[in-house]
Amino acid sequence: MQVLSVHSWPQAIAHLDADAFFVSCEQASMPALKGKCVAVGKERGIIIALSYEAKAKGVKRGMFVSDAKRICPGIIILDSNHETYGLFSVRMFEILKRFSPKIEEYSVDEAFIDLTGLRRLYSCSYEEIAVKIQNTIEQELSISVSIGISITKVLAKIASKYKKPHGITAIPGNKIHLYLSNILIEDVWGIGPNTASLLKKFDIKTALDFALKNENFVKKYLSKPYIQIYKELKGEPSIEFIEKISPKSISKAKSFYPPSQKPEDLILPHQTMPFALSIYSLTLFLIMALKDRCFLFFKAISLAS
DNA sequence: TGGGGTCCT
DNA sequence: AGGACCC
């Protein structure tokens, strides 16, 4: 089936997906919870995230906490701590940047990493680079991640999901069809329920069925995003890599006049008010500019001479 | 499960 | 503005 065979690596894209991220962060902070049935979401009474042990007992996301306790007696339910997850996320992305300068932070627990051309630098295969990344994150943060590597973002997404948790999956260009034949069309990134049911009317059940259609069919029935997905499934890069990293730290400094040797002078309201206002406007700006792409918190407000 | 985001038409 | 899809 050489229709889908792409030789060499026009680009090498890794997709990293943390395993049960929220719960992993809690377990990393409280090692006694490792290996246990743990879930997060106590404050809302609904399960937001759960450990693989809890998944094995049949607990699901969105379940009422009361039902989860019935199905899985002894399950530990925690309040969620989004600030903590944000901190783990920041540190995870910082690790990724040590391996490649080109990172797309896709969500709090997911990233694309452009590894194109880095085999020489690391003297190893792309798959082995992924192993190093996985090990580094595990050693430094004590959380587990899965990584997929392939030649497009859509294929890398499929690869990262292929083996979970703690998986590494590489889909080289000459093995694309082997993987796609096992992927249901509705499990492809960007194909939702509507498009899946449309495609099923044409007897397209797997990602491979879709990738083997001719381009005229795709252009006739589907719009731009799906044409991109179609091309990416065939190993043809089409979805832009969005090099996006959120700023990790922003500081604002202000000098006070006249200079003083006495610290108590600095807390006079009329002197600190302009500073307070500038911090306030900076915070407003950040909230508008960043929305919830990152977590905002003050690390320090310091006075220095 | 659902609230909030992006991209496209 | 509305639709489809994502986390």
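Colleague: Which residue has a polar side-chain atom 3.3 Å from a sugar or linking oxygen of DNA strand C?
Modeller: This is a predicted model, in which local features need pLDDT of at least 70, side-chain atom pairs count only at pLDDT 80 or more, and totals for chains, interfaces and linings use all residues. Residues are numbered from 1 along each chain as its sequence is written, chains are lettered from A and ligands numbered from 1 in the order in which they are written, and side-chain values use heavy atoms, with hydrogens and water left out. The residue whose polar side-chain atom lies 3.3 Å from a sugar or linking oxygen of the strand is Tyr226.

Colleague: What percentage of the atoms of DNA strand C that come within 4 Å of the protein belongs to sugar and phosphate?
Modeller: The strand is surrounded by 14 residues (each with a heavy atom within 4 Å of it), and the closest are Ser107, Lys157, Gly190, Gly192 and Thr195. A phosphate oxygen of DNA strand C is 2.5 Å from a side-chain N or O atom of Lys157, and one is 2.6 Å from such an atom of Thr195. Of the strand atoms within 4 Å of the protein, the share of sugar and phosphate is 100%.

Colleague: How many disulfides are found in the whole structure?
Modeller: A disulfide is a pair of cysteine sulfur atoms within 2.5 Å. The sulfur of Cys72 is 3.4 Å from the closest cysteine sulfur, that of Cys37, and therefore too far for a bond. The search of the whole structure thus gives a number of disulfides equal to 0.

How values were computed:
Polar contact = N/O pair within 3.5 Å; in protein donor to acceptor, adjacent residues only side chain to side chain.
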